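Q: Please take one part of this model and go through it closely. I am new to this structure, so explain each term as you go.

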Amino acid sequence: MQYLSTYISLKFFLYYLVLVHSERLKDQITVQLDSGKHDCFTLLNGTNQIGCQSNPQGNAGTLILVNHAAELENSSNQIGDIIVAVNIEQLTKTLVDSLISTKSIKGVILFRNQTNLQRTNSEDSSCPNQEFSFYKSQESSCEWNKKGAVHPSGLRFLDWKKPVLFITNETEVDLIVNKCIKAFNFDSSNTSPKCTAKMTMRMHAAGDAQICLRRQQLFSGLSDTISLCDPLGDENIFAIVPHVSKIDQPNVFMLTTRLDTFSMFTNNDGGDVSVLTSLISSLVVANAIGQNLENFQSRAKANNKQIMFGFLHGESLGYIGSSRMVFDMNLGKFPVEDKGFSPNKSAHSLSLNDIKLYLELQHIGFEADLKNYFIHLDPHIYSKFKLQIDQAINSSVTGMKINGFKLRKTSIKSNAQVPPSSYHTLLKHEAVPGFIISTADQFYQYKDTNSLLDKALREDHERTFRSSVIKHITAAATSSLYTILNHVLSTDPTQEKDYVIKQDFIEKLVDCFFYTENWSCSFFNEILNITQKADFGNRTFALNVNNSAQCKTLNEGQNLFSFNWQFDPITNKSYCYKTSVYRTPASSPAFEIEDYDFLNGTYSTWVESVWDPRRLELYVSTGYTTDLIVLLFGILFFATSLLVCRKMNIESWLDDPVLLPNRPEPL
């Protein structure tokens with residue numbers, strides 16, 4: 001009878017909780033923040049792992065607001081486990097090192113003050129891609145990103161060993177800073193309630209790239225759903241004009257820009273200056289040549305020369321795209337693999353020896369008061385090909401000058417270096433003559449290189465920089481175009497009237513990339529929503545090609561051209577385009593070579609960890625004294641319930657004698 005009384009007492013109490021308060025108790029006492037999309041994730045290479053992660057059950061701690069490293073020691077000593085909220089503009093090397101090394105810090109929440117936007121937030125190191133530099137013996141003098149790097153080793157390349165996320169939603173920032181930290185946590189006593197955060201960001205990979213891939217391979221035989229990490233990779237794009245078949249002699253001018261940037265956070269949409277201004281400049285040059293393509297092709301063929309536009313992917317993380325290009329060249333598989341077609345239907349396999357001049361655009365600017373550009377040369381290459389390079393430089397200088405910009409050489413002393421660029425990959429394999437055009441002199445002028453915050457133009461809501469960025473792109477494109485015309489067509493570019501930089505085309509690209517939300521402009525929608533890819537080429541004259549299926553069949557039996565059914569927004573019709581545009585893998589050769597040594601440092605070995613959806617929860621936790629009072633009250637309540645139930649007559653409590661029969665019921 002005593003046990004039954006206790007059971008009824010507890011059951012009545014549980015029914016009260018479940019029926020009267022049917023909402024989950026956890027949902028009543030926690031607030032989950034869901035709008036954030038920028039979570040720090042883990043990368044692994046051949047030697048270690050970098051990035052962020054939480055314990056599988058999550059990391060919890062009292063939320064505090066920190067502006068300086070000195071504030072951390074007092075807070076951790078007084079409070080215990082903490083989650084630190086810090087304005088990303090306040091990050092310094094000292095503060096970052098403290099955030100990582102302080103054991104009581106269980107997680108970091110970064111936010112941004114939208115009213116005070118500073119631009120010194122590069123997540124790259126002081127010397128980008130240092131491990132893959134052509135100048136490894138001089139790497140101590142490499143400080144190109146010194147002015148912009150928050151940490152000399154790079155925020156992206158640190159192993160935080162704790163969850164880190166970046167919140168941009170102003171409502172959630174206000175909730176964390178004002179309604180949580182300032183409302184509850186400015187009182188340092190342990191007796192007062194505290195606003196606590198729990199961060200759950202579980203990563204599946206650990207160790208290094210080779211360990212992760214080996215584990216994944218072992219699990220693959222057990223289940224098709226096991227995935228721990230994925231090698232970084234994408235596609236390179238090359239356009240060669242005129243085309244080069246096996247019966248032609250390659251003599252290539254290569255104009256290069258990269259397609260990628262990075263951040264330690266997911267959903268990175270930065271890259272205004274790291275990528276886009278240079279990319280737009282190259283596209284404008286392609287457009288200028290494409291407006292009079294047949295004329296350019298015939299004159300270039302007469303000179304037995306070609307222009308190759310190279311758009312390389314993965315360059316910011318170990319020159320993945322350019323190293324794969326050179327790897328394929330050495331195997332005789334660039335730009336396409338030989339399929340045994342007849343010579344006039346097969347693309348010529350290009351090598352580095354076929355590249356007679358190389359030009360790369362980098363960090364094309366946007367500020368109105370920035371008028372100086374610089375030419376970067378390798379001193380040994382320059383001394384070997386001085387006449388050829390000087391002739392090309394003269395054309396580049398002229399193109400800049402007529403647009404009101406100055407372009408001059410940087411130091412060509414024996415210890416001079418070209419800045420981190422795809423050119424490093426070529427120089428490690430062959431003495432290719434070339435140079436870099438950039439706003440950087442000794443250091444990068446732009447301080448958000450490779451960062452989530454590389455959005456100076458897309459955050460230019462008043463369009464302050466629109467006219468100035470158009471001028472910069474016009475100058476860079478004209479400079480590049482003049483260099484191409486001089487080298488490929490052997491002509492004085494100032495006298496050429498057939499190839500003109502189109503201002504309206506620049507304005508369309510600038511408005512679409514920088515001043516339209518999510519790049520959803522009419523110009524892009526007309527092209528990208530109708531066709532899978534926009535190619536640089538001309539319409540075929542095959543009159544019987546009336547649809548995409550017929551166009552696709554023209555790709556059979558040859559690999560010299562790519563035939564693509566595309567929409568033309570000018571005529572509002574679709575055509576079968578005949579192009580010499582090639583898409584090649586931008587994946588590291590390290591994952592192609594059997595039994596590759598992941599420790600030798602020749603190729604990039606980055607893999608990205610698979611992760612579970614992250615959770616950020618806020619709740620108010622009481623101090624030790626309050627917890628003790630609640631515990632004692634609970635014990636007292638439970639003891640009182642036992643005494644009351646013991647004195648009760650169980651039959652009168654239930655008021656139903658059927659529930660407690662005097663004798664067993666027959667079966």
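A: Start at Y423, which is buried, with 0% relative accessibility. Buried means under 20% relative accessible area, exposed means over 50%, and partly exposed lies in between (1.4 Å probe, protein chains only). The model is predicted, so local features need pLDDT of at least 70 and side-chain atom pairs count only at pLDDT 80 or more, while totals for chains, interfaces and linings use all residues. Residues are numbered from 1 along each chain as its sequence is written, and side-chain values use heavy atoms, with hydrogens and water left out.

Y423 has a ring partner, Y358. The two are stacked, at 5.0 Å centre to centre and 10 degrees between the planes. Rings of Phe, Tyr and Trp (its six-membered ring) pair if their centres lie within 6.5 Å; planes under 30 degrees apart count as stacked, over 60 as edge-to-face and the rest as tilted. Y358 is buried too, at 1% relative accessible area.

Where do these rings sit? Y358 belongs to strand β14 (residues 355–362) and Y423 to helix α12 (residues 423–427), so the pair ties together parts that are 65 residues apart in sequence. Helices (H or I, at least four residues) and strands (E, at least two) are DSSP runs, numbered from the N terminus.

Both β14 and α12 also help to cover another helix, α9. Contact here means heavy atoms within 4.5 Å. Helix α9 spans residues 320–330, and 10 of its 11 residues are buried. Among them are I320, R324, F327 and D328. The cover also includes β11 (233–241), β12 (252–258), β13 (306–312) and β21 (581–587). After α9 comes G332, with a positive phi near 70 degrees.

F327 deserves a second look. This residue is one of the buried residues of α9. Ring pairs also link F327 with F591, Y596, F598 and Y603 into a cluster. Across the whole structure, a search finds 21 aromatic pairs.

Some rings meet a charge instead. K371 lies over the face of F405, 4.9 Å from the ring centre. R156 lies over the face of F41, at 4.8 Å from the ring centre. A charge sits over a ring if NZ of Lys or CZ of Arg is within 6 Å of the ring centre and within 35 degrees of the ring normal.

To recap, the stacked pair Y358 and Y423 joins β14 to α12, and both of these elements are part of what covers α9.
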